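Reader: I'm in my first year and still learning to look at protein models. Could you take me on a close look at the inside of this one, starting from its surface and working inward?

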Amino acid sequence: MLRDRALAPLSQQHHNGLALCVLTDRGLTPDVAPEVLERLASRAVDRYDEEISNHFAIEEEVVFPAMEQELGPSPLVQELIAEHRQLEKLIEQLRTQADAETLRQFTSLLRSHIRREENELFEDIQKRMSRKTLDALGAVIDARAVRIPL
């Protein structure tokens, strides 16, 4: 389904996150050099600090509360928040020690998390939220979203 304009900035951030996963996974060869591993970990941490943390904040402070107010509680939202915390822990590990296994866990979880948000959460929001709520949500998302071109 075509993404609603209200959610488009978050979908663009998802696109960037998936690109990060692809580039990181490509670099994680079986014989990855320590300096390459350090660069990959640094890029993941930087992208988290610049864009992914912004994305999580918008969801947790704006999207999820609006969704709960209009549509009621959602087990999916609680699962997504738990995944946010898991991703944050992986990033904290990468800040102190770059290792291939942590990077693989990070990209695997980020990829599946993004797919769930796009395929389940955003689809549900688009189908069930009123146009008025979507427009109001979109204005806040648009004002708060960090936009980083690839």
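Author: Let's begin on the outside. The chain exposes about 7800 Å², and carbon and sulfur atoms supply 53% of that area. Keep in mind as we go that this is a predicted model. The chain carries 19 positive and 27 negative side chains, and the centres of these two sets lie 4 Å apart.

Now for the overall form. Taken along the principal axes, the C-alpha atoms fill a box of roughly 50 × 30 × 25 Å. A compact globule of 150 residues would have a radius of gyration near 15 Å, and the chain has 16 Å, so the two agree. As for what it is built from, there are five helices and zero strands, which gives the pattern α-α-α-α-α when you read along the sequence.

Let's step inside. Buried residues make up 50% of the 150 residues in the chain. Take the contacts between residues at least 6 apart in sequence: 81% of them join residues at least 24 apart.

Here is the part you asked to see up close. The largest nonpolar core has 24 residues, and those with the most contacts inside it are Leu-37, Ile-52, Ile-91, Leu-94, Leu-103, Phe-106 and Leu-110. Which elements give two or more residues to this core? They are α1 (8-27), α2 (34-71), α3 (75-96) and α4 (100-128). Helix α2 gives the most, with eight residues.

Try finding Leu-110 in the model. Leaving aside residues up to four places away in sequence, Leu-110 touches Gly-17, Leu-20, Cys-21, Ile-52 and Leu-87. One of these partners, Ile-52, is itself among the residues with the most contacts inside the core. Apart from this core lies another, of 21 residues, including Ala-6, Leu-10, Val-77 and Leu-80.

Before we finish, have a look at His-14, which is found in helix α1. Is His-14 buried or exposed? His-14 counts as buried because its relative accessibility is 3%, and the cut-off for buried is under 20%. Its partners are a mixed group: again leaving out residues up to four places away in sequence, His-14 touches His-55, Glu-59, Ile-114, Glu-117, Glu-118 and Phe-122. If you turn the model, you can pick out His-14 in α1 and then look for Glu-59, Glu-117 and Glu-118 among the residues it touches.

Technical notes
Residues numbered from 1 in each chain as written. Predicted model: local features only at pLDDT ≥ 70, side-chain atom pairs only at ≥ 80, totals over all residues. Heavy atoms only, no water. Core = buried A, V, L, I, M, F, W, Y, C linked by side-chain atoms within 4.5 Å. Buried < 20%, exposed > 50% of the residue type's maximum accessible area, 1.4 Å probe, protein only. Helix = DSSP H or I, 4+ residues; strand = E, 2+ residues; numbered from the N terminus. Contact = heavy atoms within 4.5 Å. Rg over C-alpha atoms; globule rule 2.2 N^0.38 Å. Areas by Shrake-Rupley, 256 points an atom, 1.4 Å probe, with all protein chains shown as cover. Lys, Arg positive; Asp, Glu negative; His and termini not counted. Charge placed at Lys NZ, Arg CZ, Asp CG, Glu CD.
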